Structure formats: structure tokens, C-alpha cells
Amino acid sequence: MSTSITSANQELAGFAGRLIGPDDSDYDEARSLYNAMIDRRPALIARCANTADVSKAVGFAREHDLRLAIRGGAHNGAGLGSVDDGVVIDLSLMRDVVVDPEGRTVRVGGGCTWGEVDAATNEHGLATPSGIISTTGVGGLTLGGGLGHLTRQCGLAIDNLLEAEVVLANGELVTANAEQNPDLFWALRGGGGNFGVVTSFLFRLHEVDTVIAGPTFWPVESGAEVLRAYRDFMPSAPRELNGFFLFGSVPPGPPFPEELHLRKVCGVVWCHTGTEEEAAADMKPLLDALPEPLLHGPAPMPHPAIQGAFDGVYPAGDQWYWRADFVKQISDEAIEIHARFGAAMPTWKSTMHLYPIDGAAHDVGPTDTAWSYRDANYNAVFAGVDPDPANVDAIRRWSIDYQEALHPYSAGGAYVNMMMEEGQERIRASYRGNYDRLAQIKAKYDPDNTFRVNQNIEPKAA
Ligand SMILES: Cc1cc2nc3c(=O)[nH]c(=O)nc-3n(C[C@H](O)[C@H](O)[C@H](O)COP(=O)(O)OP(=O)(O)OC[C@H]3O[C@@H](n4cnc5c(N)ncnc54)[C@H](O)[C@@H]3O)c2cc1C
């Protein structure tokens, strides 16, 4: 192992960032991932300061025939931002955010996290859609698709991606947008980190400033009734209203009332981009259809506040095991299964979310980008989470059993950003008809599969 760091120090002359190896005192910190269940020991962490560094690190890995991982925000559930005995391209120094308020765009460094982007764009009353936790990396979340609180109004993160700067497997830096390398631009929008290292992203911005956001909770015992009402309500709700269904537990701290702390609940986490009155009117049909909730918390807040609302509950360093499936319709039988597993969450941080993917996400066709499941209405994610490694078996078992019980009611494939390492068939099922085109584009831009530490698309020439 140490041969690599020694030769890297000699060979990577002019490397502007930092090269970190097993003998460095901060190696353990530098290699740690968000999901503490995954423990990887890279031979070299190339913490790049600029695109030239990225290019050098890619070349070094290829020359020494070392596996190469790309680390953005390090949130990947399967730990695909790192690799044993290989090279990690760590982008955490590359996090410039430049907002163009007139042009309504934001240019973002490849190593940024969403909290940094949301804070910068909110200064201008603008936002671009992302996920629900502010510490997640822009890189991984975007390249896999990007689902969050603004999906119904503004589409997926990739639907707002205008351009990417990419270091390819041959070390070359290229631009991908609608005019330049359009095949690469198509593949990047859903194809994950398969095609190169994205050193900067350009996103379209929307006028989203203050939102009406927060949760409504009912007792977990009402799971079937609430989910049935949610299923009947959500498709006809206006796009300004996003609401994902959850099973979870009330966090044990403010702003939640003490008597509810750690109580298992079902509910909806809302985000409305209109006024308080509009939000109340748009949520009303669901609230009218159900008994009085335990808590109804939506309130006006700056957009970054809802983006970071889960951060305290889910810090880095917990054990995570999750599975996911796309869903077209939620049948009554599926609801009964949900209610059973929802009531049996093994730890208080374990949760199930159903993210709507209709509205603006359906304005884009299934072959317009690599992300093929435009006909799905929900992404279901079954996340077993706990700080204690002793509970790993319990959280893994619950997540797998839950997903397997519902898989027959799913659309077939899964959101690649919420998969563990589940095999090639599962990846193919998640891209459906787009897989072969992706494999051809992969053969053009990365014929040797240099970028294979990911939900891998194997290169296949036409
Ligand atoms: C707590 C939590 C909450 C989440 N919430 C959401 C959510 O609301 N919506 C959602 O859509 N997803 C969500 N996710 C899933 C998330 O999108 C994936 O885990 C994603 O892989 C994280 O990206 P990252 O950059 O942080 O990860 P990393 O582990 O750093 O990278 C993961 C993979 O992304 C690729 N990658 C990352 N950056 C680049 C880059 N610049 N260039 C090329 N490839 C790159 C690489 O292939 C790498 O293997 C969440 C994950 C967690 C753990």
C-alpha cells in the first residue's frame, strides 16, 4: 500500500491539493464515510484542488492499474465514494459556488454539499431542487437523479442541470451540455459517476425563497388509514405542494413536544412554495379526510431551513442499510404490508419514505435523460439506521424484508442513489431501455471502465 503513496508523491509533481496515505495522521478521518457500516482503506486519497489535480490522479490510478473511486459528499449508502487499496479522488476542496442572479444559474464545484448551494442561492431568493439533507454531496445526488422537496414543482436535480465540466478517463477536461458532447450530457443525467469526474455543475435556479414546510404526524397505528388517504390525495395536489409520506419516530428534542419524543408515527413532510394561506388550502383535503393529527407543524421558513431540517437526526457516523424501489401505484395490499413493517421499525432512526416523483418530473420523457423511471409516481426507500453497530443485523433485516415484501408491488427497478451493492441485474432493471445506450456512451468515454466504483454500467460498443 505505502508504495502507492510514495510513488504518488514522486510522480504527481505539481499536485496542488494533498495526497493522503495510510501513514498520515489524518488518514482515518480522511477515509471515513457517512455510513459508518462501511470501512474502506484506500491506498491513496488524492484531495484535489483543481481540475489539473483530478486529471493527474486519474492518470496515476490508470498507470498503476489501481481501482478509482470518486468522493463528493461521501453520503453514498453503499460507500461507493471510496475503495479498498485503490485511489480516491476526493473533491472536498473544490466547492466554489457562484450565483448569477440575473441569468438565474448557479455554478457549483464538484465537491460541494447542498447546504452550501442552498445558502448561496437563498441570498437571492432563488433555489434549485436537490435532496432533503443538506450535508449530501451535489455530485452523487445530481448524477443519480436528485429527488427532494422541490421535485413536484421544479423536477429532479438533473432536470435543472444545464452543463457539466468533466475530467474523462483519458484525463481530458470537456464540457457537456445540450450543444457540446450532448451524448455525454444525456448520460450524466442519471448515469451516476460512470462517465468521468464532474468538476463543476451549472444549474438553473427558480424563484423559491420562503417555503411553508414541516411535518404532520399521526400515530403509527393509523399507518394504513393515513397512507390510503395520502395515496388518494397526492396525485391531484398542485405542484407547489410537495409532501413525502413517512414512517419514523418523533426526534427526541426541540421543537417537538416532549410527550411525543421517540413516539413511532406515520405522516407527511410538507414543503409548499406559495403563501401560508395557499399551503393551508392545498393541504386541507388530506387533513379533512383524516382524524386530528398528533402534530401539524408546517410553518414559513427560508428554503435552506427545511433542507437542513433532518441534519440533526442523521449526522455522519450512523450505521445505514437501505433498499429502494420505484412505485407506480400503491395498492390496498401494499398499504397493509407498509402498515405492518412501519409499526415494526427496529430503531428510532429507522424510517420509510415515499417520495413523490410526479409533477414537473413527469414533464421529461423516459428517454430524454438517462433516468428512465419517469412513469413511476413514487420512490420508496426503506432505511434501517442506528448509531450502534450492535444493531446492524436488525436494521439490515428490517430493510431487506420490507423491500422484498413490497417488491412484487413495485415498478421493478430502483433509484440508483438509494441502492446498496445489489448486482448487475438490478442496475440494468433501474435503467431499463436506457441501459444499452448508456453502455455505448460508456464505451466511447470510458472504454476500460476506469470509473467502475459506482452502480456500474459496463462499456459495450455499438
Ligand atoms: C442521509 C442521506 C440523505 C439522502 N437524501 C437524498 C435525497 O433527499 N434525495 C436524493 O436524491 N438522494 C438522497 N440521498 C442519496 C444520495 O443521493 C446518494 O447517497 C449519493 O450517492 C450521495 O452523493 P455524495 O456525493 O454525497 O456521495 P459520495 O459517496 O461522495 O459519492 C457517491 C458516488 O457518486 C459519484 N460522484 C460523486 N461526486 C461525483 C462527481 N463530482 N463526479 C462524478 N461522480 C461523482 C461517484 O460515482 C460516487 O461513487 C441521501 C443519502 C443519505 C445518506
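## Polar contacts with the ligand

Leucine 80 places a backbone N or O atom 2.5 Å from an oxygen atom of the ligand. Taken alone, the ligand exposes 950 Å², and the protein buries 98% of that area. These values come from a predicted model, and they are computed from its atoms.

Two further residues make polar contacts with ligand oxygen: a polar backbone atom of glycine 72 is 2.6 Å from an oxygen atom of the ligand, while asparagine 76 brings a polar side-chain atom to 3.0 Å from an oxygen atom of the ligand.

## The shell around the ligand

The ligand is surrounded by 35 residues, and the closest of these are Gly72, Ala74, Leu80, Leu147 and Tyr415. Sorted by residue type, the shell consists of 17 nonpolar residues, 17 polar residues and one charged residue.

Several elements of secondary structure contribute to this shell, with at least two residues each coming from the strands β3 (68–71), β9 (197–204) and β15 (319–327) and from the helix α5 (138–144). Of the contributions to the shell, that of α5 is the greatest, at four residues.

## Helix α14 and its cover

Helix α14, which spans residues 435–445, has a set of buried residues made up of Tyr435, Leu438, Ala439, Ile441, Lys442, Ala443 and Tyr445. Lysine 442 is thus listed as buried alongside residues such as Leu438 and Ile441. The elements that cover the buried residues of α14 include α7 (182–188) and α13 (424–431).

Conventions: Residues numbered from 1 in each chain as written. Predicted model: local features only at pLDDT ≥ 70, side-chain atom pairs only at ≥ 80, totals over all residues. Heavy atoms only, no water. Near = heavy atom within 4 Å. Polar contact = N/O pair within 3.5 Å; in protein donor to acceptor, adjacent residues only side chain to side chain. Areas by Shrake-Rupley, 256 points an atom, 1.4 Å probe, with all protein chains shown as cover. Nonpolar A, V, L, I, M, F, W, Y, C, P; charged D, E, K, R; others polar. Buried < 20%, exposed > 50% of the residue type's maximum accessible area, 1.4 Å probe, protein only. Contact = heavy atoms within 4.5 Å.
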